Amino acid sequence: MTRADLIDALTRKFFHSNPKEVDAAVREIFETLIETLSCGERIEIRGFGSFEIRVREPRIAHNPKTGEQVSLERRRVVHFKPGVELRQRVDYHSRSAEDKQKQPEEQAEAKQTDLFASV
């Protein structure tokens with residue numbers, strides 16, 4: 001899903017909203033997330049997951065094409081850890097129909113939870 005797809009989906013779901021307002025809101029949300037991470041702060045969205053900055057120390061790597069050694073500097077990278085609810089729903093929806101029938105309690109739990117029910 002791209003940002004444009006997300007905007008289209010939200011515009012269809014909230015048909016009473018102006019598409020330009022939905023676009024502006026989505027862009028502002030992403031900008032806020034980017035700013036927060038750029039400042040080194042952690043973001044936690046319950047049921048979805050958390051984003052945090054991790055530091056990669058300098059190291060010597062190898063160019064796979066040439067085999068040449070390359071020196072990598074210290075850098076900060078974004079790390080995402082999915083929340084329990086997201087992991088359960090992804091796991092449930094990736095199973096075969098036969099697996100789903102074997103575990104009805106997981107099926108009920110996966111269908112019961114809705115990440116954005118309050119939206």
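1. Surface. In this predicted model, the chain exposes about 9600 Å². Carbon and sulfur atoms supply 53% of that exposed area. As for burial, 13% of the 119 residues of the chain count as buried.

2. Contacts along the sequence. Among contacts in the chain with a separation of 6 or more, 37% are accounted for by residues 24 or more positions apart.

3. Secondary structure. The chain has five helices and five strands. Their order along the sequence follows the pattern α-α-β-β-β-β-β-α-α-α. The points below deal with helix α2, the open sheet and the β3/β4 hairpin.

4. Open sheet. Three strands form an open sheet, with β1-β2-β5 as their order and antiparallel pairing. The edge strands are β1, residues 43-45, and β5, residues 75-82, and each of these pairs on one side only. From one strand to the next, the twist averages 25°.

5. The β1/β2 pairing. Strand β2 covers residues 49-56 and is joined to β1 by three bridges, the two running antiparallel. One residue pair to inspect here is Ile-43 with Phe-51: Phe-51, in β2, is the bridge partner of Ile-43.

6. Helix α2, length. Does the span of α2 agree or disagree with the rise expected per residue? Helix α2 comprises the 20 residues 19-38, which at 1.5 Å a residue should span 28 Å. The end C-alpha atoms of α2 are 28 Å apart, so the expected and modelled spans agree.

7. Helix α2, sides. Val-22, Val-26, Thr-36 and Leu-37 are the buried residues of α2. These residues lie on the same side of α2, because the arc they cover around the axis is only 100°. The exposed residues Lys-20 and Glu-21 are carried on the face of α2 turned away from its buried side. Cover for the buried residues of α2 includes the helix α1, residues 3-13, together with the strands β1, β2 and β5.

8. Ile-43. This residue is found in strand β1. Is Ile-43 buried or exposed? Its relative accessible area is 9%, so Ile-43 is buried, the cut-off for buried being under 20%. Which residues does Ile-43 touch, not counting residues up to four places away in sequence? With that exclusion, Ile-43 touches Leu-33, Thr-36, Leu-37, Gly-49, Ser-50 and Phe-51. Among these, Thr-36 and Leu-37 are buried residues of α2, and Phe-51 is the bridge partner of Ile-43 in β2. For a distance check, Ile-43 and Ile-53 are 10 residues apart in sequence, and their C-alpha atoms are 9.6 Å apart in space.

9. The β3/β4 hairpin. Strands β3, residues 59-62, and β4, residues 69-72, pair in the antiparallel sense over four bridges. The two strands form a hairpin, and six residues lie between them. In the turn, Gly-67 has a positive phi of about 80°. Two residue pairs can be used to check the register. His-62 stands opposite Gln-69 in β4, and Arg-59 has Leu-72 of β4 as its bridge partner.

Key: Residues numbered from 1 in each chain as written. Predicted model: local features only at pLDDT ≥ 70, side-chain atom pairs only at ≥ 80, totals over all residues. Heavy atoms only, no water. Buried < 20%, exposed > 50% of the residue type's maximum accessible area, 1.4 Å probe, protein only. Contact = heavy atoms within 4.5 Å. Areas by Shrake-Rupley, 256 points an atom, 1.4 Å probe, with all protein chains shown as cover. Pairing = 2+ DSSP bridges. Axes fitted to C-alpha atoms, helices over the stretch in contact; angles between N-to-C directions. Expected span 1.5 Å × (residues − 1). Arc of directions from axis to C-beta.
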